Each structure stands twice: as structure tokens, then as C-alpha cells.
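The following exercises concern one protein structure. Please work through each task before reading its solution.

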Amino acid sequence: MNGFEKVISVETMRQSDAYTIENFIDSKSLMYKAGVGVFESCNWFGNVAIVCGSGNNAGDGYVLALLLKEIDVPVTLFLLKDKFSEDGRYYFEKCMDAKIPYHLCDENTSFENYNIIVDCIFGTGFKGTARGTAGEIIDKINNSQGTVISVDINSGLNGDNGFSQKCVKSHTTVSIGYLKPGLLINDAPKYIGNLKNCDIGIELVGEYYVLQDNFPDISVKENTFDSLKGFSDYFNIPYETAYEKPVEVISSVAKEKNISVLVKNLGEYSVIISGNTAYIVRG
């Protein structure tokens, strides 16, 4: 990942998605564009398994399955449960019309005969810990020998803070629309091999952070912190609050107090706030 990228919070992504659907494109067409984005971002070979949850993230997987079927790549759907979002059901039914095979996941589910496993279980709004069937399937994906591709975010990873108790470990993650902080900071690099983002024409509503490879030419001497804990202690912010949405909280404090701030060691990244701009910088 090189150069300049916009990074937005999970909530800003939700609002931007809704605004785009309300004003520019219907939701099914936007879902189709997301599936096309994933399809065009990766090389497809061998037998492909697409593992789907019950939300719109699964819908992206159903679109992907249809596109793979069109180029004669063998593809099988694995569903955590027989439950769908409205748009997801629309594309799942198209998969059934195309005679794409599917299985409901259980304790006997195996991915040993698949060259590529696509993770479409949870989206960026997931919080908490993956348990039950979802947790078991994540373990099976991680223990498989196939190439793992996560769609939008690694299932189980928090999209705002990059922490997880259990999540998919991917060779490639294809973010949809805009990058989110949780794909970069804290533990994210432990779970993500190659990170890509595909622009599907979502109109940005709200603030964004600037991802840069190098530190901007900004002097931040008085308010430099070696950890998020040090930052939260200094400004009397409950650590749990800063932990949940670190970039958002750091940015909010800096703007409220009209100061520049540097917080280091958010995994491989630091966060710098200067003026009205928040930078996420490697190093």
C-alpha cells in the first residue's frame, strides 16, 4: 500500500453507504459493484470456497460466486446459517438459478479440497468475539492450506481499532469503498497479508483520515505520547473509550483543545493530528 489514501471510521462508512444508496445508486447495484471489485482485485484458480454469514458481506460473496461461475472457476458456497439480508437473498437466489452448489456449515465442514477460501462472514460493523459455529469455521479457515481472501475486513476484526480475540487470517484483504482504521492499526498486520482497497463509487459523507507512508513535516513536541494509554491518562479519558475508537478519540481531543498531537505505537502505525487533518502514518 503506497502513497495517499483516505481512511474513514466504520460509522462514517455506514453513513456514506446509506447516502450513496439514497442519492446515486440502488443497493443491489452497489452490492454488485462490490462483488466486481473483489473479483477484479484477485487472481482466481482451482476450486474456490466462499464462506458467507447472513449480512450484506455475504451478498458480496454471492455476487463473486456468480462472476466466478461465468469464467468457469469451480465455486461452492458455505453458509453459516440459512439467513439473508434482503439484497443478499436476491443474489443467493441468482446463485441457485445458476446451480452453484452450497452447504450449511457444521462440525463436519472441511476446506481441505479448496485452493482459495473467501471470507464473507462478518463485515466492518462486527464487534465482540466470534463464537459458536462462526468461531469454529474461522478456526477451520485459519487451519486450512488454501489461499485466504477476506472481503472488506477479516471476519472477527474490529473495524475501528484493529483488535480481535478471534479472526480470520488472510493472505489478501480487499477493502470495499474506503479503508478503515481497524485494517491498519494495532493487531491488524498480524491478520492481514496483502491489503487492497477497491473504489466502488461510494460518496464520502463526513471526515476522513489521511494514510501516508512517511511522516508529514509537522512539529509535535509538547503533546507526543508513546502509547494510547499514555495519551488517555494525560487527558483523563477512560482507556476503554480510547481503546474502542482510538483514531476518532485522538482526533476529537486534538480538535477540541486546538492542539497538535502525536500518538505512537498503535501497532505499526502512529496517529498525528495537526490543524483539521488527522494522519495515520506507518512508523
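**Exercise 1: Surroundings of helix H9**

Task: State which elements cover the buried residues of H9, and identify those residues.

Solution. The cover over the buried residues of H9 includes strand S9 (209-212), helix H7 (228-234), helix H8 (239-244), strand S11 (261-266), strand S12 (269-274) and strand S13 (277-282). Contact here means heavy atoms within 4.5 Å. Helices (H or I, at least four residues) and strands (E, at least two) are DSSP runs, numbered from the N terminus. The model is predicted: local features need pLDDT of at least 70, side-chain atom pairs count only at pLDDT 80 or more, and totals for chains, interfaces and linings use all residues. Residues are numbered from 1 along each chain as its sequence is written, and side-chain values use heavy atoms, with hydrogens and water left out.

The covered residues are Pro-246, Val-247, Val-249, Ile-250, Ser-251, Val-253 and Ala-254; buried means under 20% relative accessible area with a 1.4 Å probe, protein chains only.

**Exercise 2: Length and end of H9**

Task: Compare the expected span of H9 with the distance between its end C-alpha atoms, and describe the residue that follows.

Solution. The expected span is 1.5 Å times one less than the number of residues. For the 12 residues of H9 (residues 246-257) this gives 16 Å, which agrees with the 17 Å between the end C-alpha atoms. Next comes Asn-258, with a positive phi near 55 degrees.

**Exercise 3: The seven-stranded sheet**

Task: Give the strand order of the open sheet and describe its S3-S4 end.

Solution. First, the order is S4-S3-S2-S5-S6-S7-S8, with parallel pairing; two strands pair if DSSP finds at least two bridges between them. The edge strands, each paired on one side only, are S4 (102-104) and S8 (192-198). Neighbouring strands are turned by 20 degrees on average, direction ignored.

Next, three bridges join S3 (residues 75-79) to the parallel S4. Phe-78 has His-103 of S4 as its bridge partner. Finally, helix H4 (residues 86-97) lies across S3 and S4, at about 135 degrees to S3. Axes are lines fitted to C-alpha atoms, for helices over the stretch in contact, and angles run from 0 to 180 degrees between N-to-C directions.

**Exercise 4: The whole chain**

Task: How many helices and strands are there, and what fraction of the residues is buried?

Solution. The protein has nine helices and 13 strands. Buried residues make up 52% of its 283 residues. Its C-alpha trace spans about 65 × 40 × 30 Å along the principal axes.

Notes. Buried means under 20% relative accessible area, exposed over 50%, partly exposed in between (1.4 Å probe, protein chains only).
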